[in-house]
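Student: I should like a close look at a single part of this structure, set in the context of the rest of the chain. Could you take one helix as the starting point and work outward from there?

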Amino acid sequence: MIITLSPDADVRRVQQKLTVMGLWTQLTEGVRGRALVVGPHSPPVAAEAVRAVDGVADVLTPPSPHPKVDAARGARVEVAGVPFGVDAPPVLIAGPCSVESEQTAHEAAEALAARGARFMRGGAFKPRTSPYSYTGHGVDALRWMRAAADAHGLGVVTEIMSEVDAELVAEHADLLQIGSRNMQNFALLKAVGALGRPVLLKRGMGAQIEEWLLAGEHLLAAGAAGVIFCERGVHGFDPSTRYMLDLAAVALLSHVHGLPVLVDPSHGTGRRDLIAPMSRAGRAAGACGLIVEMHPDAERARSDGPQALTPNELTGVAADLGVLPASRRGASPWPQEAHR
Ligand code: PEP
Ligand code: MN
C-alpha cells in the first residue's frame, strides 16, 4: 500500500495515526510529492480508514494476486454439515496414516467417534518417498473407510494423488486432501477444484505462505467449494523432529487472513510424544482444529507408526481440544495435569 500525502500534511502525525492502526510506514519523496510506503509485515487495513486520516491525499493498493482467498476472510467452510472457520467450534480429524484393512478401519472409526472426532482421515493412495514402500490399498481402502465412517457417523478425509483418481476418491470422501508434495501440482489443483467440493490444502514442506495462498487461489478459481488450509511442518535443519511446525503461519492465516487453518502435529513433529503439546500450541495460535494420526495398534502401523497416537492418547488430545464427549471425560487415562 502506498499512501500519498497532501502538501500541507504533518508527516509525523499521520505516521503516528497509522501506527495505531498497525501500519508501519516509510517516507519517500518524489517529484509528485511525499508518500508513505507501508511495510510488508503490516496487517491489512481498509483503504477507506486510511483515507480518512487527516493529511492523507490518496491510497494506492496493488491488486491482490489471490482475490478469491481474500474474499474468503471470515467465511466458514462447511463439510458434511460441519463448519470450519476462525469462529467455528474446533474440529478433530483423526485416523491412521493409511487404511490397512477393513477391520482396522472399523476399530479406528469406533475409537474416533467415541472421542468426539467428526472425521476419519486415512490414506488410500499414499505418497511415499521410496518407490519400494507400501503405497496403500487404493479403492479397497476407500470402500473400507467410507463404510467404517458411515457406521460411526463420521465424515471422510483422504488424499487425492492424481487427476486420474480424482472422481473416484471424491465419490468416497467428504473432504478432499491435497498433500504437501502436491501443493503446487497445478494440474491436480485444477482437476480437484473443478469437482466443486471443499478441499483440505496441506502446505508444501518447502512452500512460502504466499505460495500456499496462491495454491488455494488455484483451487477456488477452478471451482472448489472452499479451502481449509493445513500447516503440517516445513523442512528445518534439526533432525530431532521430522519437520518444523510453523505456528506463526497458523497465526498469520487465522488472525491476519481470517482463514480456516488446521494443524497436523503428527507430520509436523514425527513423534507421538510431541503431539499433545503441539496440538495445544496450534489451537492457541488460531487453528480451527486438528488432523492427527491415530492407529488402533500404532506399533504395527505400516506407515508413520512413530507419529500415530494410540486411542488412549487421543482421549487426552480430544479433551484438550474440548471435543471429548462428556460421557468419557471421567474415563480419561491421561489427566490434564499429567501432560501440561
Ligand atoms: C498424510 O496426511 O497422510 C500425508 C501424507 O501428509 P503430508 O502430505 O502432509 O505429508
Ligand atoms: Mn502419514
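Tutor:

**Helix α11 and its surroundings**

In helix α11, which spans residues 275-285, the buried residues are I275, A276, S279, G282 and A285. The model is a predicted one, and the description that follows is to be read in that light.

The buried residues of α11 pack against α9 (247-256), β13 (261-263), α10, β14 and α12. Just after α11 comes G286, whose phi is positive, at about 120°.

Two of the strands met here, β13 and β14, belong to a closed barrel of 8 strands, ordered β7-β8-β9-β10-β11-β12-β13-β14 and paired in the parallel sense. On average, neighbouring strands of this sheet are turned by 25° against each other, direction ignored. One of the pairings joins strand β7 (residues 91-95) to strand β8 (residues 119-121), in parallel and over 2 bridges. Within it, I93 has F119 in β8 as its bridge partner. Helix α5 (residues 138-151) packs on the sheet, where it touches β8 and β9 (155-159), and its direction makes about 155° with that of β9. Further along the barrel, helix α7 (residues 186-193) lies across β10 (175-178) and β11 (198-202), and runs at about 175° to β10.

The elements around α11 also lead to the metal site. The manganese ion (ligand 2) has four protein donors, C97 (SG), H267 (NE2), E293 (OE) and D304 (OD), at 2.0 to 2.4 Å from the ion. Written as a sequence pattern, the spacing of these donor residues is C-x169-H-x25-E-x10-D. H267 lies in helix α10 (residues 265-269), while D304 lies in the loop between β14 (289-293) and α12 (311-321), so this pair ties together parts that are 37 residues apart in sequence. Three of the elements just named, α10, β14 and α12, are among those against which the buried residues of α11 pack. As for accessibility, H267 counts as buried because its relative value is 8%, against a cut-off of under 20%. D304, at 18% relative accessibility, counts as buried as well.

A further buried residue, W212, brings α9 and β13 back into the picture. W212 lies in helix α8 (residues 209-222), and its relative accessible area is 0%, so W212 is buried. Leaving aside residues up to four places away in sequence, W212 touches M183, L201, K202, R203, F229, C230, E231, A249, L253 and V261. Of these, L201 is 11 residues from W212 in sequence, and the two are 8.3 Å apart in space, C-alpha to C-alpha. A249 and L253, both touched by W212, fall within α9 (247-256), and V261 within β13 (261-263), two elements that also receive the buried residues of α11.

Apart from the barrel there is an open sheet of 4 strands, in the order β2-β3-β1-β4, with antiparallel pairing. β2 and β4 (56-60) stand at its edges with a single partner strand each, so one side of each lacks a neighbour in the sheet. Neighbouring strands of this open sheet are turned by 25° against each other on average, direction ignored. Strand β2 (residues 25-30) pairs with strand β3 (residues 33-38) in the antiparallel sense over 6 bridges, and the two form a hairpin with 2 residues between them. In this pairing L27 stands opposite L36 in β3. At the other edge, strand β1 (residues 2-5) pairs with β4 in the antiparallel sense over 4 bridges, and T4 stands opposite D58 in β4. In a regular strand, side chains alternate between the two faces of the sheet.

For the chain as a whole, there are 13 helices and 14 strands. The radius of gyration is 22 Å, close to the 20 Å given by the globule rule for 340 residues, so the chain is as compact as a globular protein of that length. Along the principal axes, the C-alpha atoms fill a box of roughly 75 × 50 × 40 Å. Of the 340 residues, 51% count as buried. Among contacts between residues at least 6 apart in sequence, 66% join residues at least 24 apart. The chain exposes about 15300 Å², and carbon and sulfur atoms supply 53% of this area.

Key:
Residues are numbered from 1 along each chain as its sequence is written. Chains are lettered from A and ligands numbered from 1 in the order in which they are written. This is a predicted model: local features need pLDDT of at least 70, side-chain atom pairs count only at pLDDT 80 or more; totals for chains, interfaces and linings use all residues. Side-chain values use heavy atoms; hydrogens and water are left out. Donors are N, O and S atoms within 2.8 Å of the metal (3.2 Å for Na, K and Ca); water is not among the atoms, so sites may look incomplete. Buried means under 20% relative accessible area, exposed over 50%, partly exposed in between (1.4 Å probe, protein chains only). Two strands pair if DSSP finds at least two bridges between them. The radius of gyration is taken over C-alpha atoms; the globule rule is 2.2 Å times the number of residues to the power 0.38. Contact means heavy atoms within 4.5 Å. Accessible areas come from the Shrake-Rupley method with a 1.4 Å probe; for residues, only the protein chains shown count as cover. Axes are lines fitted to C-alpha atoms, for helices over the stretch in contact, and angles run from 0 to 180 degrees between N-to-C directions.
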